[in-house]
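Trainee: I would like to go through this model with you. Where should we start?

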Amino acid sequence: MIIIKTLEQIEGIRKSSKLAALTLEYLSKIIKAGVSTEKLNELGHKFIVDHHSIPAPLNYSGFPKSICTSINNVVCHGIPSVDEILKEGDIINIDVTTILNGYYGDVSASFPVGKISKEAQNLINITKKCLNDSIKCLKPGKLLNDCVGKIIEPIAKKNNYSIVRELGGHGVGISFHEDPFVYHFDTSQEKVVLKEGMIFTIEPMVNASPNSKITLDRNDGWTIRTLDGSNSAQFEHTVLITKNGSEILTTL
Ligand code: MF3
Ligand code: CO
Ligand code: CO
């Protein structure tokens, strides 16, 4: 069941989303070669708690840290570690989800570490375009798939990239993962009609090879990687469907 949020709920989710975006911006400035992903986790945790909020990933289904940090061939759900040190040329996605006064905001972005290859930069640019073009399409009355899967998948394909199919966006706000499941590829299976007051994430994961499969790390139970070792990038926003279009809630 897709929750249509009340004005009061929207205001709460807007505040939480803004804090998530602020946290992500703060962490983005700390990214550089030599910094561990645990350092990002520690600073992110403190930033969120200092703003009277709770990091949603911590203890979520047993996730051990407060943010997700996913480097290079890690698609998502990377676990911060003292042993994982950023190095020049890496790309890193940081995913931040806050709970503020009970309301959830969810945002992520991929960043370069120092100077990166043209190929890695292109992957980041295209993945960001996937998200932005999708958001521009959103409007009440339209089919969710017409604005998400139908827009995102062709952009990835045109660049010889592939969209991760096993994970998707999700309704968000009252809890971490609500209906609907948001497919980032074109599927007639999903027939959600957009309505004013819906809040969900769009968060395409794009792999830098044409048919890239993914694999779950059996040891930590979380880290998802590309099977072929190709890089993967991701951008995520929490968006609200408004009367005339949409509003990105996870902005500064
Ligand atoms: N923030 C992720 C999302 O966009 C979910 C992370 S779940 C965690 O849906 F447990 F890994 F934190
Ligand atoms: Co999400
Ligand atoms: Co997220």
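Mentor: Start with E203. A polar atom of the E203 side chain lies 2.8 Å from an oxygen atom of ligand 1. Keep in mind that the model is predicted.

Trainee: What makes that E203 pair a polar contact?

Mentor: The cut-off for a pair of N or O atoms is 3.5 Å. The E203 pair, at 2.8 Å, falls within it. H177 also has a polar side-chain atom 2.8 Å from an oxygen atom of ligand 1. For D106, an N or O atom of the side chain is 3.1 Å from a ligand 1 oxygen.

Trainee: How much of ligand 1 does the protein bury?

Mentor: The protein buries 96% of the 330 Å² that ligand 1 exposes when taken alone. Ligand 1 also sits in the largest pocket.

Trainee: Which residues come nearest to ligand 1?

Mentor: There are 14 residues around ligand 1, and D95, H170, H177, E203 and E236 come nearest. By class, the shell holds 6 nonpolar, 4 polar and 4 charged residues.

Trainee: Now the metals. How do you know which protein atoms are donors of the cobalt ion (ligand 2)?

Mentor: A donor is an N, O or S atom within 2.8 Å of the metal. D106 (OD), H170 (NE2), E203 (OE) and E236 (OE) lie 2.0 to 2.2 Å from the cobalt ion (ligand 2), so they count. Their spacing in sequence is D-x63-H-x32-E-x32-E.

Trainee: Why is the arrangement around the cobalt ion (ligand 2) called irregular?

Mentor: Six donors count as octahedral only if opposite ones are over 155 degrees apart and all others between 65 and 115. The 6 donor atoms here subtend angles of 51 to 160 degrees, and 51 is outside those ranges, so the arrangement is irregular.

Trainee: What makes the cobalt ion (ligand 3) irregular?

Mentor: Its 6 donor atoms subtend angles of 58 to 166 degrees; 58 fits neither range, so the site is irregular. The protein donors of the cobalt ion (ligand 3) are D95 (OD), D95 (OD), D106 (OD) and E236 (OE), at 2.1 to 2.3 Å.

Trainee: Which residue bridges the two cobalt ions, ligand 2 and ligand 3?

Mentor: D106 does, and the ions lie 3.3 Å apart.

Terms used. Residues are numbered from 1 along each chain as its sequence is written. Chains are lettered from A and ligands numbered from 1 in the order in which they are written. This is a predicted model: local features need pLDDT of at least 70, side-chain atom pairs count only at pLDDT 80 or more; totals for chains, interfaces and linings use all residues. Side-chain values use heavy atoms; hydrogens and water are left out. A residue is near a molecule or strand if one of its heavy atoms lies within 4 Å of it. A polar contact is a pair of N or O atoms within 3.5 Å; within protein, one must be able to donate a hydrogen and the other to accept it, and residues adjacent in sequence count only if both atoms are side-chain atoms. Accessible areas come from the Shrake-Rupley method with a 1.4 Å probe; for residues, only the protein chains shown count as cover. On a 1 Å grid over the protein atoms alone, a cavity is a set of points where a 1.4 Å probe fits but cannot get out, and a pocket is an open set with protein on both sides within 12 Å along at least five of seven lines; lining residues have an atom within 4 Å of a point. A molecule sits in a cavity or pocket if more than half of its atoms lie within 2 Å of its grid points. Ala, Val, Leu, Ile, Met, Phe, Trp, Tyr, Cys and Pro count as nonpolar, Asp, Glu, Lys and Arg as charged, and the others, Gly among them, as polar. Donors are N, O and S atoms within 2.8 Å of the metal (3.2 Å for Na, K and Ca); water is not among the atoms, so sites may look incomplete. Four donors count as tetrahedral if all angles lie between 85 and 135 degrees; four count as square planar and six as octahedral if opposite donors are over 155 degrees apart and all others between 65 and 115; anything else is irregular.
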